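User: I'm new to reading protein structures. Could you walk me through one, feature by feature?

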Amino acid sequence: MQVGELTGHGYALTLTMRDTPPSAAALGQVIKAAMKRFERAGVIRLHWVIEWQARGTPHLHMAVYTADPLRMRGWELVNHWLAVAEPYGASWGAQDVKPIESAGGWLKYLAKHAARSVKHYQRQGMPPGWEKTGRLWGHRGDWSTVEPMKFDIDRAGWFRLRRMIRAWRLADARLEKDPAQRARRIVSARRMLSHRTPEVSQVRGTSEWVPEDVYLRFLGLLADQGHRVVQVA
């Protein structure tokens, strides 16, 4: 995605429900109905990602853009969500809306979740029978895209790269001026490679955590140190 081309007014939404729908199809119907309502409300583009709470209930993280600012600063979209998710116990106080000051944060989040396999940790916690639902994300509207870069790295270089990125994130987090935000970022950086399942911990992604130029410099450093780093066409 080209961040500079995301025109309009952006809002980041977290949309939740108290109860788990009876099937993946039922959840899909709720999401589809919400998307239609959002478009009628003036949303020109949106991108959503599903995650699962520990108790097995889905919630959505969403970025939406409107051509004109919304009078209720995005909370009118919550009203639309409640209208379609009310059968599953969606309540006003459990939702969240924030203005998108920069698309960078959303793009980092999206990079981590947009193309995971059915065995990925994002799908852990699904109710029985939901494991084969396909991708847990979707988009509408005019999202500008660019072709991703792909690299083949030897195993030792991969683990070295992960440690370098975690160190970079910690250093960057410590520069945060807001004390509360700094504390949250430091905790997040320290835990970025951790997971209760070792097999998952070993393959957790990294590119979403650093700017592209920093990531490429790390790859160059690995190559200088003798690791195999080959760009794949």
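User: Let's start with helix α2. Which elements cover its buried residues?

Analyst: Keep in mind that this is a predicted model. In an α-helix there are 3.6 residues a turn, so residues three or four places apart point the same way. Here, the cover over the buried residues of α2 includes β1, α1, β2, β3 and β4. The buried residues themselves are E76, L77, V78, W81, L82, V84 and A85.

User: And which strands does α2 touch when it packs on the sheet?

Analyst: Helix α2, residues 75-85, touches β1, β2, β3 and β4. Its direction makes about 35° with that of β1.

User: What about the other helix in that cover, α1? At what angle do α1 and α2 pack?

Analyst: They pack at an angle of about 145°, and their axes are 9 Å apart. The crossing of α1 past α2 is right-handed. On the α1 side, the contact is made by V30, A33, A34, R37 and F38. On the α2 side you'll find L77, H80, W81, A83, V84 and A85. Sort the residues of this contact by type and you get nine nonpolar, one polar and one charged.

User: Which strands does α1 lie across?

Analyst: Helix α1, residues 24-40, lies across β1, β2, β3 and β5. It runs at about 155° to β2.

User: Now the sheet itself. In what order do the strands sit?

Analyst: When you read a sheet, go from one edge to the other and note who sits beside whom. This one is an open sheet of five strands, in the order β4-β1-β3-β2-β5, with antiparallel pairing. The edge strands are β4 (96-99) and β5 (137-141), and each of them pairs on one side only. From one strand to the next, the twist averages 15°.

User: How many bridges join the neighbours, starting with β1 and β4?

Analyst: Let's walk across. Strand β1 (residues 9-16) pairs with β4 over four bridges, in the antiparallel sense. In that pair, L13 stands opposite V97 of β4. Next, β1 and β3 run antiparallel and are joined by eight bridges, with G10 opposite Y65 in β3. Then β2 and β3 pair over nine antiparallel bridges, and W52 stands opposite P58 in β3. Last, β2 pairs with β5 over five bridges, also in the antiparallel sense. There, W48 stands opposite G138 in β5.

User: Where do the side chains of a strand point?

Analyst: In a regular strand, the side chains alternate between the two faces of the sheet. For a strand in this model, you can then ask how much of it is covered. Take β2: nine of its ten residues are buried, so this strand is largely enclosed by the rest of the structure.

User: How many residues lie between β2 and β3 in their hairpin?

Analyst: Five residues separate them. In a turn, it's worth checking the backbone angles too. G56, in the turn of this hairpin, has a positive phi of about 90°.

User: Which residue other than glycine has a positive phi?

Analyst: One of interest is R73, whose phi is near 55°. You'll find R73 in the loop between β3 and α2.

User: Is R73 buried or exposed?

Analyst: Exposed: the cut-off is over 50% relative accessible area. R73 has 67% relative accessibility, so it counts as exposed.

User: Let's look at another helix pair. How do α4 and α7 pack?

Analyst: For a helix pair, look at the angle, the distance between axes and the residues that touch. Helix α4 (residues 155-173) and helix α7 (residues 212-224) pack at about 140°, with their axes 10 Å apart. That angle makes α4 oblique to α7. The crossing of α4 past α7 is right-handed. From α4, the contact uses G157, R160, L161, M164, I165 and W168. From α7, it uses V214, Y215, F218, L219, L221 and L222. By type, the residues of this contact are ten nonpolar, one polar and one charged.

User: Can we zoom out? How many helices and strands are there in the protein chain?

Analyst: The protein chain has seven helices and seven strands. From the N terminus, the elements go β-α-β-β-α-β-α-β-β-α-α-α-α-β. Of its 233 residues, 42% count as buried. Among contacts with a separation of 6 or more, 69% come from residues 24 or more positions apart.

Methods
Residues numbered from 1 in each chain as written. Predicted model: local features only at pLDDT ≥ 70, side-chain atom pairs only at ≥ 80, totals over all residues. Heavy atoms only, no water. Axes fitted to C-alpha atoms, helices over the stretch in contact; angles between N-to-C directions. Helix = DSSP H or I, 4+ residues; strand = E, 2+ residues; numbered from the N terminus. Parallel < 35°, antiparallel > 145°, perpendicular 65-115°, else oblique. Left-handed = near helix turned anticlockwise from the far one by under 90°. Contact = heavy atoms within 4.5 Å. Nonpolar A, V, L, I, M, F, W, Y, C, P; charged D, E, K, R; others polar. Pairing = 2+ DSSP bridges. Buried < 20%, exposed > 50% of the residue type's maximum accessible area, 1.4 Å probe, protein only.
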